[in-house]
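Welcome! Have the viewer ready and take the exercises below one at a time. Each has a task and then a worked solution.

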Amino acid sequence: MGRSHRMLNPLSPDTLATEVRRRFGDFIAQRIDPGTVERDRMATPLTREMLQEAGRLGLMGFNVPESIGGQGRSWAEWGYVLHEIGYLSEDAALPMLLAYCGTLTKLLYESGREDLIDRYARPMAQGKRIGGFGWSEGRDAFSFITTLRRTGSDYVLNGQKIPIANALIADTFMIFARSEETSDVVAVLVERDDPGVEVVPFSAMGLRASGMGRVLFKDVRLPPERVLVEADGLSYGQRFLNERRLEMPCWALGRMRRLFELCVHELANRVRFKLPLTEMQTIQAAIGRMYVGVETSRIVVKSVLERVATEEYDALWDPPLALTKSHVIEQALQMCRTVQDILGGAGVFEDYPFERHIRDLTCLNPIAGTLATLQVDLGILSAAEVERAYRHQS
Amino acid sequence: MKFRVSGNMLRFTNFQDEIEVAGDTVEAGMQMLVGACPQLRPILLDGNGKVRSVHRVFLNGAALPLDQLSEKAKAKDEVSILTALAGG
């Protein structure tokens, strides 16, 4: 039809992208970006003050109601905002923790318990209290050895969670444990200064400013009001992880766009045999592959954001959300490999930015279910669907 | 009816992936299933005997909402359980 087409289409509506730059651009450029490399080298977490400032700007409760100090915006809008922050922020730990803290706040708000909303959700929405989510402990959810025991009117928590993002700076942890009384999984709220709580750094290869830690609980006494979920905590925890599978791809796609641009710019300025690398066909094909990864990821994320804005989704395990994480992170990992294939030494040396981006993106595979785990479940579901269709035909 | 169990549920059925049970509804079949595989009972059902919301149930490949487990089931029907649990 003669209509021009932009190759790198934006994910977010222009109004939201503009809003992000206007409201949060200076914070990211002046407060977050300058220390990124140093924090990565030293595995130093973003500071509590940084997250508090993010809270004052409205980033810690973007999609929780204004009545508790949030921004009252939709989940889809939050996805677009996370994407823009993922693109702008040199430190991938920022969008990661904003997304993570936001969901925790939302879950606490949705508990409907006024005591928990006042003590936890309200200050979290404003960045005055920082949260952490403790699910993993190096074994499957049916085999948790972190236990909660009733003693009189109180409870006692023992065990450990590894890792907890934000552990090094969180004030409050949502911890999943097995009840000694019922053997069911329960969720409790533990405060950092509760006697018997110990936090130990537990750094990963990437996302090193995210404050990853191992949190140990030794005879931690909890009053009954700290029990958030008394039964079927397995289902409750999946609500948090389900949301991760959309929010993480949103900001990861921002990081992919940034990595793509940096990589192409580097290639355009490298000359071999009197030609910029971008004029060599092998490199052009590699750029094309990366572009396909970015653009198909954008299409998937956009479609799912539009769906959650207009339709109901399964709050516990939604196939399109699992598919989004699977597709986007798979593309991100392929892009990391391609970048290293075509950049040579620049793809691995610390003096260049690429290896840090690659390490950060690589760490997204296990979060909220490995790609393999998600793909097994999607495979079972899709195989059942095909079998059903055949059964109807025959 | 025949229950098909997969993935992380198999350890609770002694790794039997197909289990035939009697019962004229999916719900009744589930009670027979946990009777045959007692380890599965606390995983599949809550303290009130209801299926936990973390599980997804399919009757002949079609998703069956957990509030419709009283659906009639025939001897040749297949009921699949998918428990999509992932780490943190």
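**Exercise 1: A charged pair in chain A**

Which side chain meets that of A:Asp91 in a salt bridge?

Solution. Keep in mind from the start that this is a predicted model.
- Step 1: Look around A:Asp91 for a partner; A:Arg39 forms a salt bridge with it, at 3.0 Å from N to O.
- Step 2: Compare this with the cut-off, since a salt bridge needs such a nitrogen within 4 Å of a carboxyl oxygen.
- Step 3: Place both partners. A:Asp91 sits in the loop between α4 (75–88) and α5 (93–110) of chain A, while A:Arg39 belongs to helix α2 (residues 36–42) of chain A. The pair links distant parts of the chain, 52 residues apart.
- Step 4: Recall the general idea: side chains of opposite charge can pair when their charged atoms come close.
- Step 5: For the wider setting, a search of the whole structure gives 43 salt bridges over all chains.

**Exercise 2: Where the chains meet**

Describe the interface of chain B and chain A, and find how many salt bridges cross it.

Solution.
- Step 1: Begin with the contacts: 22 residues of chain B touch 29 residues of chain A.
- Step 2: Turn to the area. About 2100 Å² is buried between chain B and chain A, and carbon and sulfur atoms give 59% of it.
- Step 3: Now the charges. Four salt bridges are found across the interface. One of them joins B:Arg52 and A:Asp184, whose closest N and O atoms are 2.9 Å apart.
- Step 4: Add the polar contacts, which come to seven residue pairs between chain B and chain A.
- Step 5: Ask which elements of chain B take part. β3 (55–59) and β5 (78–83) of chain B each give two or more residues to the side that touches chain A. The largest share, three residues, is from β5(B).
- Step 6: Sort the residues on this side of chain B by kind: ten are nonpolar, eight polar and four charged.

**Exercise 3: The sheet of chain B**

Work out the strand order of the open sheet in chain B, and explain why β2 and β4 each have one side without a neighbour.

Solution.
- Step 1: Read the order across the five strands, β2-β1-β5-β3-β4, with mixed pairing.
- Step 2: Go to the edges. β2 (18–20) and β4 (62–64) of chain B each have a single partner strand, so one side of each has no neighbour in the sheet.
- Step 3: Check the twist: neighbouring strands are turned by 30 degrees against each other on average, direction ignored.
- Step 4: Zoom in on one pair. β3(B) and β4(B) run antiparallel and are joined by three bridges. Here B:Leu59 has B:Ala62 in β4(B) as its bridge partner.
- Step 5: See what packs on the sheet. Helix α11 (residues 371–393) of chain A touches β3, β4 and β5 of chain B, and its direction makes about 160 degrees with that of β5(B). Helix α1 (residues 26–36) of chain B also packs on the sheet, touching β1 (2–5), β2, β3, β4 and β5 of chain B.

**Exercise 4: Strands and a cis bond in chain A**

Find which strands pair with β7 (residues 213–222) of chain A, and where a cis peptide bond lies.

Solution.
- Step 1: Strand β3 (residues 154–164) of chain A pairs with β7(A) in the antiparallel sense over seven bridges. In this pairing A:Val156 stands opposite A:Arg221.
- Step 2: Strand β6 (residues 197–201) of chain A is antiparallel to β7(A) too, with five bridges. A:Pro201 has A:Gly213 as its bridge partner.
- Step 3: The cis bond joins A:Ile162 and A:Pro163, with omega about -10 degrees. A:Pro163 is placed in strand β3 of chain A.

Technical notes
Residues numbered from 1 in each chain as written. Chains lettered and ligands numbered in written order. Predicted model: local features only at pLDDT ≥ 70, side-chain atom pairs only at ≥ 80, totals over all residues. Heavy atoms only, no water. Contact = heavy atoms within 4.5 Å. Buried area = accessible area lost by both parts, 1.4 Å probe. Polar contact = N/O pair within 3.5 Å; in protein donor to acceptor, adjacent residues only side chain to side chain. Helix = DSSP H or I, 4+ residues; strand = E, 2+ residues; numbered from the N terminus. Nonpolar A, V, L, I, M, F, W, Y, C, P; charged D, E, K, R; others polar. Pairing = 2+ DSSP bridges. Axes fitted to C-alpha atoms, helices over the stretch in contact; angles between N-to-C directions.
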